[in-house]
2 protein chains.
Amino acid sequence: MKKIILVACTLFSIGAANSQSLNSPNGELEMQFSLNESGAPIYSLSYAEKSIIEPSSLGLDLKNQEDLLENFTVAGIEETSYDETWEPVWGEQKEIRNHYNEMEVKLLQEETNREMIIRFRLFDDGLGFRYEFSQQKNLGHFVIANEKTEFAMTGDHTAFWIPGDYDTQEYDYTESKLSEIRGLMENSITANVSQTSFSPTGVQTSLMLKTDDGLYINLHEAALVNYPVMHLNLDDEKFVFESWLTPNLEGDKAYMIAPSTTPWRTIIVSDDAREILASKMTYNLNEPSEIEDTSWIKPMKYVGVWWEMITGKSTWSYTHDFTAVQLGETDYETATPNSTHGATTEHVKDYIDFASEHGFDGVLVEGWNIGWEDWFGHSKDYVFDFVTPYPDFDVEEIQEYAENKNVKMIMHHETSSSVRNYERHLDTAYQFMKKYGYDAVKSGYVGDILPRGENHYSQWLVNHYLYAVQKAADYEIMVNAHEAARPTGLARTWPNLIANESARGTEYQAFGGSKPNHVTVLPFTRQIGGPMDYTPGIFEMDISKLNPENTSHVNSTIANQLALYVTMYSPLQMAADLPVNYNRFSDAFQFIKDVALDWDESIYLEAEPGDYVTVARKEKGDDNWFVGNVNGEETRTSKIKFDFLDPNKTYIATIYSDSKDAHFRNNPQAYEIRKVRVTNKSSLSQTSAPGGGYAISVVPVEKSETRGLKKL
Amino acid sequence: MKKIILVACTLFSIGAANSQSLNSPNGELEMQFSLNESGAPIYSLSYAEKSIIEPSSLGLDLKNQEDLLENFTVAGIEETSYDETWEPVWGEQKEIRNHYNEMEVKLLQEETNREMIIRFRLFDDGLGFRYEFSQQKNLGHFVIANEKTEFAMTGDHTAFWIPGDYDTQEYDYTESKLSEIRGLMENSITANVSQTSFSPTGVQTSLMLKTDDGLYINLHEAALVNYPVMHLNLDDEKFVFESWLTPNLEGDKAYMIAPSTTPWRTIIVSDDAREILASKMTYNLNEPSEIEDTSWIKPMKYVGVWWEMITGKSTWSYTHDFTAVQLGETDYETATPNSTHGATTEHVKDYIDFASEHGFDGVLVEGWNIGWEDWFGHSKDYVFDFVTPYPDFDVEEIQEYAENKNVKMIMHHETSSSVRNYERHLDTAYQFMKKYGYDAVKSGYVGDILPRGENHYSQWLVNHYLYAVQKAADYEIMVNAHEAARPTGLARTWPNLIANESARGTEYQAFGGSKPNHVTVLPFTRQIGGPMDYTPGIFEMDISKLNPENTSHVNSTIANQLALYVTMYSPLQMAADLPVNYNRFSDAFQFIKDVALDWDESIYLEAEPGDYVTVARKEKGDDNWFVGNVNGEETRTSKIKFDFLDPNKTYIATIYSDSKDAHFRNNPQAYEIRKVRVTNKSSLSQTSAPGGGYAISVVPVEKSETRGLKKL
């Protein structure tokens, strides 16, 4: 189904009083556009006749040029409708409908004879709009000093926010009224190895909001290409957010060349929190895949030599011999091993054995390549070469071993944010991967950016992250970029970007812990733009058991950890804990082994940001369903119906749930597993502990196989 | 001949009063080293018992670490001698003797338990020294905040200087007393498209000095690798220069990792200006060639589509259609040609014809690739792709045509200082060159550096320039880098770096003109570090003849232009003017056709910075000699002897000289050509006009062939 309906209605002048309205396909959303008395573009948005965005200004401050803010007249307005259905390479559902009404507003600034287009797309689930600059005589190169896009809220909503920052996205979320952000900001800015905050009311997108009358609003962006990451800065007297772009060292935001466009600014709206999670608007606002043959892009479930370094049980580095390392000069062959190096050939083989035995697709190994002795905090340019292994890591032997066990090795490229160095080595590094059979790379950008003065989310770096993904596509390599700019649906265009970190991941559970309700917020925020490599599956919550010097505690129950494989959608899923811990809880581990990675359908059953998320997903090309529930800090009983199941089938559901006395802090390993018979008439009332949850696998069977099983 | 004499004399303690001395092989130079009462290293230098450098401090300010300036004790001193003779791939002479006495001073800073070595090499022609940092526990990564190397002058010497600047080297030289620098600075800083001056007494190296009692001193550096370019800042009350490194945007100078060394600081000394020009100390302080097979590195004489753009007669750009260009988006195929584009297939073929007819090796073409419409001044990242020609430049057709005419095309890579973009395209660009038979590239770095905040001469860029040369070597490509850091003898190590611009070249003669004595200074300054692509050979001095809107005048006579092919040593020599002008003066042009590019021997016959340089060179592997004289602003009669000629041979000398009434301004095209018989008993008294000079080719002949010729 693909149809485009053109409804060209060109209006050549609308005055201050005359506004032009656009409705969503189902009529629930209405966008109003007008020019005010200064000739400034203004928009507003309502949902079911309730105001969502009060009249808000649009426009851009330019550097050393007349601004694109005021003195506009409308040169033309065109409305079109669009309706298509497309199939993502991987995703939460097999097909995605892209259905919207569009208004293209052509604005003319007569004084300067420059044209700016604002393009609005109104979907049933929200509004996207962007600025466009056609090829024209008086607008060629221009520098955006500030983007002045406003989002005027209707009141003092509740927000789920992290501090605005040019260099990190890895903060815990704070839930508060908008008016409380300023007072809570200081405590929300926790230490990070690279961080640059900018305003006491500056927050990051995707920002999740809830109004007092039960409306859910999500602000983010889509298709962030060659433009800085947008933050939002709040005027906390008027409750107006303004776009706040990540600057470069000179304070400039974006170097633009017409013809071009900005990313889309997105407002997802519903009175049902589940609809926010189900929205595919962010992907829809991105361009179709640039990769024609996507057959080499495959979801992966993996284990890795990683959590043991994160917890401090073992090390990325090989030796204590060197105060500083000069790649190519430092002699590792004669260095004394430190005896804690994780990425040894023998140890990696153990992981390969484990992966093979339990049906994992891949093994990630960090700390395999030389340079980890001084990789961090030295503003070091030539920090890694991405191709030279430590003496105790035999690339060829490992590759052969993995191949024989039908396991794929996953490459690791930590750049230490030395971006020039990474780009210099990118071809060689990717070629090395192809030579040794690695199809996917986890890349990282820890620490302050080189070139100095640039930020993780400035235009320069946004340009780089996509460059690395595009170049990877040339080599048919999948990318999982950590610390890169938060995703904005670009995986539609570049589906080899199979995941990002770009938020506070599981690693923080070994760095002092995250809030127990963190995973009930992430789907409403970080995951709006794309999948997260959250690395769940931690079974041992007491980190001192791995490393006596680390007293961190994982604020989660085992059942919660299992549920994450369903609630945190990603085509790349890690089982992050050590094999020894999986062997201790092999019955619970069974769920991680069973859970699917790719889906025909996803149904959000329950959702409330900060409190709970429950989702059911149907395995791609199969009749299995998997259900996950993650719960916040309060004990809660989830009630779900299985009416999504095939009415003609009988299923066995294996329910992995918290024990009665489970608790993320005191009793995280208390879980129960039961098998029951379910049909599409079944319903479940299941209690989840604080920081807990449940996971269910639902497998169709012959009725006879359910004999003796209790019916749900 | 290669011998190393080790004279280890280890002294474990020298106090403030005890200094250690080192003599040059011939005993004329003496260097004294000591520690002062604060434990700071001090050196001084004398020549023939005259003080050259008064006691001067050495050391480094570090950032966030105890400085490496004071509190040192001497842990050991080792003296060695070295004597070898090596053959450069190309050069002024066939063999170079590298003969020095060395003192390695091992300094221990007991408080911090750190070691720093100062290595002195004393040659007969000067002193080189550098700082070295061995691998050690307490010195790994460190940041140089300031290098505090002093050069304390003995008085108010005369200097030939250009303003210190982080972004340009293209100033005219000023001759003045040291005490006059401050007052003359403002006027010396002429406009440039990228420039960052830093001090009213800051000057660039290589700095040429002359004392009142007739000693010549040259201060520069050798082997600049991964370290910022050094300037000199003058304390004009004490006449002490201090090293002033080019900072990055954070004010940091160099990010260092032990083990490592700084570049060499060099002081060339003589009482004879000719010896300064003849010195090979700068090369000797560089490492031997890293390129094993150098057979592909070949001197080249070339013409090019260039001067017509420099003068404004034609353009690099193809069209006026676009306010801004987006590579890959902008459609050149349908654009309207501007009718002034220089690099058209037909026009290039004319140059190929001309090159072929007159025996030139190569043709350079600028403006052949898309992007020149907005290449400059827009801080544009993706400015060129280095592989896509304009619609009217047919790469294959031109290549085939050139090949048939036995002419090599020379590639042009203007980076517009968008360095990340260049590095991203470097492999592709070099591969494109190899595919189409280009063996050499002229690269350029016009405008402010991207990444923003970096300077042309900061460590980041110094690292880049060498990276581009090293990568070129992998492809067997020769590099002629313009606007890159001034050379420091690195061509010994990377002989594919066949030239640099890195000073005020001939182009400025079309931008308002250079001082008429400019070319009598350059050999003493810019050329100390390596050859310059000066692009001489301008025969039409009235630029308005080429472009009526350009009233610039070339401050030089035709005879002076010819002499430059001898006085401005370079293995890469351009005949820069238009073919039409060479056809007008084909008798003078003959010298450019005849002159050699590579030499067995060079003899500086006369030299005085700012006034004149006369040199005789013997063609490599042949018995031809070429003599060049360039003259300053005063009429002068040069007197030279031909005693360098083979006593058993007779030669015909063709003398291209200024006519009596020639003058760089009023009468620049007045020249005379005469043929005479010369032997090694001959001598010449030849008057050169203001801004004039003479050029002589000396060709051995059978005596009979000289019949009728006047004997010189």
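In the predicted model, the association of chain B with chain A buries an area of about 3,200 Å². Carbon and sulfur atoms contribute 54% of this area. On the side of chain B, the residues that lose the most area to chain A are Arg424(B), Arg452(B) and Trp460(B), which together account for 24% of what that side buries. The contact involves 35 residues of chain B and 35 residues of chain A.

Polar interactions also cross this interface. Two salt bridges are counted between chain B and chain A. One of them links Arg424(A) with Glu423(B), and the closest N and O atoms of this pair are 2.7 Å apart. In addition, 20 residue pairs are found in polar contact across the interface of the two chains, with both residues at pLDDT 80 or more. In terms of secondary structure, strand 20 (254-257), helix 7 (419-435) and helix 8 (459-474) of chain B each provide at least two residues of the side that touches chain A. The largest share, four residues, is that of helix 8 of chain B. When sorted by class, the side of chain B that touches chain A consists of 13 nonpolar, 13 polar and nine charged residues.

Strand 20 of chain B, a contributor to the interface, also belongs to an open sheet of three strands with the order 6-11-20 and antiparallel pairing. Strand 6 (60-62) and strand 20 of chain B each have a single partner strand and stand at the edges, so one side of each is left without a neighbour in the sheet. On average, neighbouring strands of this sheet are turned by 50° against each other, direction ignored. Within the sheet, strand 6 of chain B is joined by three bridges to strand 11 (residues 141-147) of chain B, and the two run antiparallel. Asp61(B) is placed opposite Asn146(B) of strand 11 in this chain.

A second open sheet in chain B contains seven strands in the order 28-27-26-25-24-23-29, with parallel pairing. The edge positions are taken by strand 28 (497-500) and strand 29 (572-574) of chain B; each has a single partner strand, so one side of each is left without a neighbour in the sheet. Here the average turn between neighbouring strands is 25°, direction ignored. Strand 25 (residues 408-414) and strand 26 (residues 440-444) of chain B pair in the parallel sense over four bridges, and His412(B) stands opposite Lys442(B) in strand 26 of chain B. Helix 5 (residues 345-358) of chain B packs on this sheet, where it touches strand 23 (300-305), strand 24 (362-365) and strand 25 of chain B. The direction of helix 5 makes about 150° with that of strand 23 of chain B.

Particular backbone geometries occur in loops of both chains. In chain B, the peptide bond from Leu450(B) to Pro451(B) is cis, with omega near 15°. Pro451(B) lies in the loop between strand 26 and helix 8 of chain B; this loop thus joins a strand of the seven-stranded sheet to the helix that supplies the largest share of the side touching chain A. In chain A, a cis peptide bond runs from Thr205(A) to Ser206(A), with omega near -5°, and Ser206(A) is located in the loop between strand 15 (202-204) and strand 16 (207-210) of chain A. Ala223(A) has a positive phi of about 60° although it is not a glycine. The position of Ala223(A) is in the loop between strand 17 (216-222) and strand 18 (230-235) of chain A.

Key:
Residues are numbered from 1 along each chain as its sequence is written. Chains are lettered from A and ligands numbered from 1 in the order in which they are written. This is a predicted model: local features need pLDDT of at least 70, side-chain atom pairs count only at pLDDT 80 or more; totals for chains, interfaces and linings use all residues. Side-chain values use heavy atoms; hydrogens and water are left out. Contact means heavy atoms within 4.5 Å. Buried area is the accessible area (1.4 Å probe) that two parts lose on being put together, summed over both. A salt bridge is a side-chain nitrogen of Lys or Arg within 4 Å of a carboxyl oxygen of Asp or Glu. A polar contact is a pair of N or O atoms within 3.5 Å; within protein, one must be able to donate a hydrogen and the other to accept it, and residues adjacent in sequence count only if both atoms are side-chain atoms. Ala, Val, Leu, Ile, Met, Phe, Trp, Tyr, Cys and Pro count as nonpolar, Asp, Glu, Lys and Arg as charged, and the others, Gly among them, as polar. Two strands pair if DSSP finds at least two bridges between them. Axes are lines fitted to C-alpha atoms, for helices over the stretch in contact, and angles run from 0 to 180 degrees between N-to-C directions.
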